[in-house]
Amino acid sequence: MIKVIYFDKVFPDMVELIESIKPSGVTVTYWYTLNDKEKEQALNSADYFLVALYKITQELIQKAPKLKMIQKTGVGVDNIDLAAAKTLGIPVANTPGGNATSVAELTLGMIINLYRKINILDRETKKGNWMSWEFRPSSYEVKGKTHGIIGFGNIGREVARLSQAFGTNVIYYDLRRLEPAEEKRLNVTYHELNELLQKSDIISIHLPLTPDTKNLISERELALLKPTALLINVARGNIVDEVALYRALKENKLLGAGIDVWSKEPVEDNPLLTLNNVLATPHIGAGTRDTLQTVLGLAFENIIATTRGKNPRFVVNGVTTIQQNR
Ligand SMILES: NC(=O)c1ccc[n+]([C@@H]2O[C@H](COP(=O)([O-])OP(=O)(O)OC[C@H]3O[C@@H](n4cnc5c(N)ncnc54)[C@H](O)[C@@H]3O)[C@@H](O)[C@H]2O)c1
């Protein structure tokens, strides 16, 4: 039997889904259902860690003497101690692209919601307040706007495709600029970050959190935005300086912000939650059944391949082979 620990919170329908996707020959132990003694036992015999957002620390990795690979169901690996895994020769793999559609669709949903105040009007209509006119002067169409995409990987590109369907002009910033022919094919234009921030009506962030991207959008960058700009962060909380964003929103330096990811999750006492021009969600970018099926499928496929002697795919910490004798 191949022993896998699944670390994130589960509910009965989540367990049912994982059990239905899990290949034969694999047993999954659900971390959240275990007491301390059972956790120690599970770590002792685990062959694979399967994780979405739970923090995989050096201590957890060291307590699993048989651990062969850490498999992320998603893309951002900032919750995993990559260096500790590397020191022990344990590959960390992710599932690139598997969640791009869900994150991109949430991005577009946030844009439309912020432009049309759907969440506020839903609440008010249900309370009996007929606010048919109040928001019209501050509501907008997506069509014709300039959408600046920061981070043009799998998610950024899918956002571009969906946004263009609404009639936007897409500009992008990324560490790696595309070939001119590719830019032409995708109908996008490259801009340096400051220029993108100045020109865009809608800005969405699709970067990994790294030392280079921490607080990439801070007071100086926020000062460049148009007062009618929307900022959508569906990447990682610490890419945007939340204190500076709160101040900018409070002073109406931008129209609104859609925030799915936070410096501290779950969010506690964050002043951003008190603002009407903030649309807040609890890290649900990839949170659909469709994405779960895709990323769990990719993750189990990778695990099974390594049990048959293949090297893992999508390794992100440079360890490309499995130590079968662990
Ligand atoms: N909200 C959610 O639930 C959710 C779900 C999935 C992914 N994410 C986040 O979205 C991020 C992007 O996902 P993806 O699948 O598009 O990843 P990706 O690797 O396909 O794309 C990331 C892009 O960022 C660029 N980049 C990296 N560092 C940069 C820097 N310092 N400056 C400029 N560009 C830089 C890369 O060149 C790449 O094009 C993930 O790392 C993750 O943090 C969030």
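Q: In this predicted model, how do the residues of the shell around the ligand divide into nonpolar, polar and charged?
A: The shell comprises twelve nonpolar, eight polar and five charged residues.

Q: Which of the 25 residues around the ligand come nearest?
A: Those that come nearest are Asn-154, Ile-155, Asp-174, Val-234 and Asp-260.

Q: Which ligand atom lies 2.9 Å from a polar backbone atom of Val-234?
A: A nitrogen atom of the ligand is placed at that distance from Val-234. Oxygen atoms of the ligand also approach the backbone: one is 3.2 Å from a polar backbone atom of Ala-286, and a distance of 3.5 Å separates an oxygen atom from a polar backbone atom of Gly-153. The protein covers 88% of the 870 Å² of accessible area that the ligand has on its own.

Q: How should the sheet be read, and in what order do its seven strands stand?
A: Strands of a sheet pair through backbone hydrogen bonds, in either a parallel or an antiparallel manner. Here the sheet is open, its pairing is parallel, and its order is E8-E7-E6-E9-E10-E11-E12. Strand E8 (188–190) and strand E12 (278–280) are the edge strands, each pairing on one side only. On average, neighbouring strands are turned by 20° against each other, direction ignored.

Q: How many bridges join strand E9 to strand E10?
A: Four bridges join E9 (residues 202–205) to E10 (residues 230–233), and the two strands run parallel. Within this pairing, Ile-203 has Leu-231 of E10 as its bridge partner.

Q: Which strands does helix H11 lie across?
A: Helix H11 (residues 242–250) lies across E10, E11 (256–259) and E12, and runs at about 145° to E11.

Methods: Residues are numbered from 1 along each chain as its sequence is written. This is a predicted model: local features need pLDDT of at least 70, side-chain atom pairs count only at pLDDT 80 or more; totals for chains, interfaces and linings use all residues. Side-chain values use heavy atoms; hydrogens and water are left out. Two strands pair if DSSP finds at least two bridges between them. Axes are lines fitted to C-alpha atoms, for helices over the stretch in contact, and angles run from 0 to 180 degrees between N-to-C directions. Contact means heavy atoms within 4.5 Å. A residue is near a molecule or strand if one of its heavy atoms lies within 4 Å of it. A polar contact is a pair of N or O atoms within 3.5 Å; within protein, one must be able to donate a hydrogen and the other to accept it, and residues adjacent in sequence count only if both atoms are side-chain atoms. Accessible areas come from the Shrake-Rupley method with a 1.4 Å probe; for residues, only the protein chains shown count as cover. Ala, Val, Leu, Ile, Met, Phe, Trp, Tyr, Cys and Pro count as nonpolar, Asp, Glu, Lys and Arg as charged, and the others, Gly among them, as polar.
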